[in-house]
There are 2 protein chains.
Amino acid sequence: IKNENIDMLQFLTLDLLPAKNGEEPTMQFLLEVVDILTNYVRKTFDRSTKVLDFHHPHQLLEGMEGFNLELSDQPESLEQILVDCRDTLKYGVRTGHPRFFNQLSTGLDIIGLAGEWLTSTANTNMFTYEIAPVFVLMEQLTLKKMREIIGWPDGEGDGIFSPGGAISNMYSVMTARYKFFPEVKTKGMTAAPRLVLFTSEHSHYSIKKASAALGFGTENLILLSTDERGRVIPADLEAKVIDAKARGCVPMFVNATAGSTVYGAFDPIHEIADICEKYNMWLHVDGAWGGGLLMSRKHRHKLSGVERANSVTWNPHKMMGVPLQCSAILVRERGVLSGCNSMCAGYLFQPDKQYDVSYDTGDKAIQCGRHVDIFKFWLMWKAKVCAHISPNNCLIFILYLCVFPDREGYQMVFEGEPQHTNVCFWYLPPGIRDMPDGQERRDRLHKVAPKIKALMMESGTTMVGYQPQGDKVNFFRMVISNPAATRSDIDFLTDEIERLGHDL
Amino acid sequence: IKNENIDMLQFLTLDLLPAKNGEEPTMQFLLEVVDILTNYVRKTFDRSTKVLDFHHPHQLLEGMEGFNLELSDQPESLEQILVDCRDTLKYGVRTGHPRFFNQLSTGLDIIGLAGEWLTSTANTNMFTYEIAPVFVLMEQLTLKKMREIIGWPDGEGDGIFSPGGAISNMYSVMTARYKFFPEVKTKGMTAAPRLVLFTSEHSHYSIKKASAALGFGTENLILLSTDERGRVIPADLEAKVIDAKARGCVPMFVNATAGSTVYGAFDPIHEIADICEKYNMWLHVDGAWGGGLLMSRKHRHKLSGVERANSVTWNPHKMMGVPLQCSAILVRERGVLSGCNSMCAGYLFQPDKQYDVSYDTGDKAIQCGRHVDIFKFWLMWKAKVCAHISPNNCLIFILYLCVFPDREGYQMVFEGEPQHTNVCFWYLPPGIRDMPDGQERRDRLHKVAPKIKALMMESGTTMVGYQPQGDKVNFFRMVISNPAATRSDIDFLTDEIERLGHDL
């Protein structure tokens, strides 16, 4: 693709389309950009490149050679714009690198990438069929397929793609409220009794964000105790429901997590669903992370009972490797999502259009304009079908990772095989291994993971996350969702941890 | 770029990276995709191509020759994936076409497009500096610049890019509530008195969506009367504030619109700010559409007083031509946005990182993962600077459009020069022109715009929006935000309206 005859120096921004005779400079500029991007893609999969080239904020702010983040008053040349593109990638993090284990969303899927490039080029908006006919239909078909996979009869129900799992979870709480207390839409929360919500102490913090934002208050979100593996204890839910009722509250909503953020735990959905039915509560399953297992014949039993949920969050941008972002909220009962959110804006949702306006799906969103998140996912599905976007490839590593306990210096945070690809462990440098249990050992161990992580980022060779949880001091959470990662990459990570942490 | 030797038929999806020897097929596949995309870009600016090739939902669902939206169980070849890409664009709408006047977001900026391609390739997440160091800093610098332009001293304050203007407006209501009643975050809306919000009857429906979602209730959103140009009448605001107080409510929030969706009206911010100060209410300016005028020396006076706002919504993806989506919520007081939303999730926002964690800005969002919306905007700013992303080029057309009233068969919806590039008018076919005023004429006129629009979409030559407003029957709202549109494109639109509507 590199055309040596191209010399962007001769062109200015104003020479690009829609300028007269702008076609040639435009094509040349875009091909130069693509050259930068394809080189980046190439290197992303090349283990000899680093995952990142770390700099502190003040270093980047002061400016690196030739790369200045400041917005000046002088327009830059196209040549400099290309340099800016190159440098932006250079000082970023290669989230698709086989040794990037830092988040639940990793990898760089080529079909998904192509889909996202096309989406940007189409540059349209999901609110109406009028301006996004193909994408709107793709969304409807894909959501229906997802509902079929969940197990709702004939894939019936409703849903929408939203800007991430936190917003999808927020939709679930809003929709539940509308189902039980539709008058809140017009009269506000004061029209309802004191409502309480339930979620695991291991659940994602977005449920708490939703409680605050939607006017429930975080104190009315009751945290459920979990077993040692991070799964909700159903008896604790029932006890807390009974207690809330005794205090005059109305239990309305339960979130069951399918694949918790840190432990990768799956709450027992059937037992939770029984309690929800008994006490007439909305059951939401947050499968942002674990939803992908529904595509796997071998692993979908972990979400057994999900078909009993009233709503489900499922983020294809996590385990299924779709580029960021791609998150769906799926609702079992038709009509409640649009009932909850529709406002019938006259300038967008004209009832007198020439086509079937039931395809103008934008009014069920809390957004107005909505980014096209469906195409990349649809395209990946077309290209690979369930079998290949299923997480089987990643889950086989778990068996290997479970060898950790036998490796010197590693201690698992909980015993037994993880339920998802999350593997949580402490690395104990030799100086700590023989210390007696106690506060001093805990204090020292708490500092190990942050120190190793800091050194790791500075050397730029790999990345893995850490955090404390409950009464447990900082531990590593390794997570695999990148199909590019192999066993040797995991070996590399553990070798790095030992290299960097041995003398701590 | 077209390499005639490329034959994708020989490759399968599984041959792409991370497959062994996947580099060559990957590069070839991506270049084929780019070939499709650059052709699309070329045609977008070519007036001999149509804006759209309209099909009804059932037609697309039944499948067009070679294009099937259904998700089957058989993986498709890479060749078919390329066909799918081509067809997805073929049956879509060219929102960048110079004759697309349908939405507030139009145009296809080449620098912005390059920025979006890069963003997809980087495929990262805005929540932490750790995995988006460059983008996080770009966001901070750009938001500061925007606050300086608003006129807040030293650009101080806070802000975040959000998934669209509706969410930005929702942030403003949440932030206001937290400022006055921080206990709502923990205790819910029942901890606050009965709160009321105010906004123009011409304002965007997202304020109503926010009232419903956040637990205020749409009945507690009080609509303000406007003058004949769609601008809020300040005396009406004060009267309604006094009335609300008399009813025992607490007036908390006023939204002033800077550039209304249909009329393009600018509410008088100074007079509204005076009332907000007098009654201790939060002033939000919804400049989603009109915010771009702040970049124009000649037009920024229309937002005079914006520096007195407590928060501002400003969508660079509208008048400034940034690809979708790019919307900022800006808050004058530092700390209140993060106070409102932060939940300090331990697995993301570890306090013991090696860098200055004040750069981990994700916790002030209601989202967890957040799409990188900043880079394309930053890059466009770098390339063009204010002068060139200002809307001057578009606004000069207004003068021309004001000629409409003198053209036979056109009637303006309101008199005088529009405040923004929105031009609202009725086209009256000859058969209606001489009818006496009255219900019959109104009924017939109400049907004209939808009919013309339907014919227009079927012929695919141009697109313009229509809607009723208040007691006014359906009228066209023409809007210019596409720098590619010229005077001849406007002539083309009016000719088309006459051609299609003459005999109605």
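These questions and answers walk through a predicted model, from its domains and sheets to a lysine site and its salt bridges.

Biologist: What are the ground rules for numbering and for the predicted model?
Modeller: Residues are numbered from 1 along each chain as its sequence is written, chains are lettered from A and ligands numbered from 1 in the order in which they are written, and side-chain values use heavy atoms, with hydrogens and water left out. In this predicted model, local features need pLDDT of at least 70 and side-chain atom pairs count only at pLDDT 80 or more, while totals for chains, interfaces and linings use all residues.

Biologist: How many Å separate the centres of domain 1 and domain 2 of chain A?
Modeller: Chain A is divided into domain 1 (8-94), domain 2 (134-384) and domain 3 (392-501). Those bounds come from an automatic or database domain assignment. Taken over C-alpha atoms, the centres of domain 1 and domain 2 of chain A are separated by 39 Å.

Biologist: Which strands stand at the edges of the seven-strand sheet in chain A?
Modeller: Strands (E, at least two residues) and helices (H or I, at least four) are DSSP runs, numbered from the N terminus. Two strands pair if DSSP finds at least two bridges between them. The sheet is open and mixed, in the order β2-β8-β7-β6-β5-β3-β4 of chain A. Pairing on one side only marks the edge strands, β2 (158-162) and β4 (221-224) of chain A.

Biologist: Which residue stands opposite A:T313?
Modeller: Strands of a sheet pair through backbone hydrogen bonds, either parallel or antiparallel. β7(A) and β8(A) run antiparallel, joined by four bridges. Opposite A:T313, in β8(A), stands A:I329.

Biologist: Why is one side of β1 and of β9 of chain B left without a neighbour in the sheet?
Modeller: Chain B has an open, mixed sheet of five strands, in the order β1-β11-β12-β10-β9. β1 (100-101) and β9 (410-412) of chain B stand at the edges, so one side of each has no neighbour in the sheet: each has a single partner strand.

Biologist: At about what angle does helix α15 of chain B run to β11(B)?
Modeller: Helix α15 (residues 439-459) of chain B packs on the sheet and touches β9, β10, β11 and β12 of chain B. Contact means heavy atoms within 4.5 Å. Axes are lines fitted to C-alpha atoms, for helices over the stretch in contact, and angles run from 0 to 180 degrees between N-to-C directions. For helix α15 and β11 of chain B the angle is about 155°.

Biologist: Is A:K318 buried or exposed?
Modeller: UniProt, in an unreviewed entry, lists A:K318 as "modified residue: N6-(pyridoxal phosphate)lysine"; such annotations may be inferred rather than shown by experiment. A:K318 sits in the loop between β7 and β8 of chain A and touches residues including A:W289 and A:S481. Buried means under 20% relative accessible area, exposed over 50%, partly exposed in between (1.4 Å probe, protein chains only). At 15%, A:K318 is buried.

Biologist: Which residue of chain B forms a salt bridge with A:E130?
Modeller: A salt bridge is a side-chain nitrogen of Lys or Arg within 4 Å of a carboxyl oxygen of Asp or Glu. The closest N and O atoms of the pair are 2.4 Å apart. The pair crosses between chains, from the loop between α4 and α5 of chain A to helix α15 of chain B. The partner of A:E130 is B:K453.

Biologist: In the salt bridge of A:R441 and A:D437, which residue is exposed?
Modeller: Their side chains meet at 3.4 Å, N to O. A:R441 counts as buried at 12% relative accessibility. At 70%, the exposed one is A:D437.

How values were computed:
Lists of a residue's contacts leave out its neighbours within four places in sequence.
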